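I opened the notebook to record how some helices pack in this model. The entries follow the order in which I looked things up.

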Amino acid sequence: MENSSAERKQQLALDIADGNDPSDAAKNPDGRTKLQGLFKQLSLLDRYLYVWIFIVMAVSIIFGYYVKGVKKAFQVAEITSVSLPIAIGLWVMMYPVLCKVQYEILGGVLRQAGSLKTISLSVVLNWVVGPALMTGLAWATLPDLPDFRTGVILVGIARCIAMVLIWNDLAKGDADYCAILVAINSILQIILFTPVALLYLKVVSRGKGFHVSSWTVAKSVLLFLGVPLAAGVLTRLILMNAFGRKWYESKFLRFIGPWALIGLLYTIFVMFSIQAHQIVDNIGHVVRVAVPLLLYFGILFFGSLGICRWLKVPYPLMVTQCFTAASNNFELAIAVAVGSFGTDSTQALAATIGPLIEVPVLLLFVYIVGFFQRKGPSV
């Protein structure tokens, strides 16, 4: 009896030290505290990211609409037709996440039994199903808005290599498998983005709304994905060899971690400040752009979930597969849209709607898979 009491006191102390309410377990015997724990794991910036995005968007639109000279100031310098402030924001946003990717384990995971099957499924979902689905939805919902449709299709073609790491971690997916898929998508992005973009925007869409050369697209991909990818690989290689893995993961990654979300908020601020007049003047079209994006995220996520359950994929791998398939690299989509059509184009405006929809929707999906995980190992 005394031992039992001591154990309870010890557990109570641990709960308090972890910042948990000990009474939650009694109030929620069905395990609801586990879902609450996911939310508590986030920093203040991560936890309310969707709130910050809405606030930054609102402030930037007001700022850009009423303050004169904002557009000219942000476009004072350009790099490959992209505003330098936007280019800096994109690099800052992508660099920290690419530094976290475990490139060194790629060979070992590829040699594991069954890895070829799971990786092949991911490639098909990302590079065959995803772009085709987004193109179909864009044409079905935006038949009379070719420029907005082009921006939406670009979002579907740009496969996620950044935010998926966050969603996967929150939903307790397989971290190593996620790192492999991110590495593979990073490489395939450079190789496949240009031909896939040309296929869906020139061939399938019959050239409407896409009048740039393949080199223009490839240049944007190499600049806004290749550069931070190379920087991430070199940073990881050099610093881990110089200071060790423990220092790199506990010190360096923790230091640069917040840069990604700060870079995201900064980029949204610059983009929406420049686009303020277009947003206000075309608010109805902006709402319409959200429709294919919402349909896309829902269909691809739950479709992938159904396929993985049918194949009896273990929960950690299933979660990683679903979030990798449903997530998109809106940073790259914005960069290509801006580089190909201009900063104040409607294509770029459509691409910037991506994070507004993706962040709250995929955060909701984190809660959903967490809820179903508690129902049994078969989920």
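I began with helix α10 (residues 146-157) and helix α16 (residues 283-310) in this predicted model. Their axes cross at roughly 30 degrees and come within 11 Å. An angle under 35 degrees counts as roughly parallel, so I entered α10 and α16 as roughly parallel to each other. I noted the handedness as well: α10 passes α16 in a right-handed crossing.

Next I looked up which residues meet there. From α10 I listed Phe-148, Val-152, Val-155 and Gly-156. On the α16 side I found His-285, Val-289, Pro-292, Leu-293 and Tyr-296. Sorted by class, this contact of α10 with α16 has seven nonpolar and two polar residues, and no charged ones.

Pro-292 came up again when I checked Thr-141, a residue of helix α9. Leaving out residues up to four places away in sequence, I found Thr-141 touching Arg-288, Val-291, Pro-292 and Leu-295. I also followed the side chain of Thr-141, which reaches the backbone oxygen of Leu-137 at 2.7 Å.

I stayed with α9 and turned to its packing against α17. Helix α9 covers residues 115-141 and helix α17 covers residues 315-326. I read an angle of about 25 degrees between them, with the axes 9 Å apart. By the cut-off of 35 degrees, α9 and α17 are therefore roughly parallel to each other. Their crossing is right-handed. The residues in contact are Thr-118, Leu-121, Ser-122, Leu-125 and Asn-126 from α9, and Gln-321, Thr-324 and Ala-325 from α17. I sorted the contact of α9 with α17 by class and got three nonpolar, five polar and no charged residues.

The third pair I looked up was helix α7 (residues 84-100) with helix α14 (residues 245-274). Here the axes come within 7 Å and cross at roughly 150 degrees. Angles over 145 degrees count as roughly antiparallel, so I wrote down α7 and α14 as roughly antiparallel to each other. I recorded the crossing of α7 past α14 as left-handed. By class, their contact has 20 nonpolar residues, four polar and one charged.

Last, I checked the confidence of the prediction. The average pLDDT of the protein is 78, and 79% of the residues score at least 70. Over residues 1-31, pLDDT stays under 50. For that stretch the model has 15 contacts beyond four places in sequence. I left the detail there alone, because predicted coordinates should not be read in detail where pLDDT is low.

Note on methods. Residues are numbered from 1 along each chain as its sequence is written. This is a predicted model: local features need pLDDT of at least 70, side-chain atom pairs count only at pLDDT 80 or more; totals for chains, interfaces and linings use all residues. Side-chain values use heavy atoms; hydrogens and water are left out. Axes are lines fitted to C-alpha atoms, for helices over the stretch in contact, and angles run from 0 to 180 degrees between N-to-C directions. Helices (H or I, at least four residues) and strands (E, at least two) are DSSP runs, numbered from the N terminus. Angles under 35 degrees count as roughly parallel, over 145 as roughly antiparallel, 65 to 115 as roughly perpendicular and the rest as oblique. A crossing is left-handed if the near helix is turned anticlockwise from the far one by less than a right angle, and right-handed if clockwise. Contact means heavy atoms within 4.5 Å. Ala, Val, Leu, Ile, Met, Phe, Trp, Tyr, Cys and Pro count as nonpolar, Asp, Glu, Lys and Arg as charged, and the others, Gly among them, as polar. pLDDT is the predictor's confidence in each residue, from 0 to 100. A polar contact is a pair of N or O atoms within 3.5 Å; within protein, one must be able to donate a hydrogen and the other to accept it, and residues adjacent in sequence count only if both atoms are side-chain atoms.
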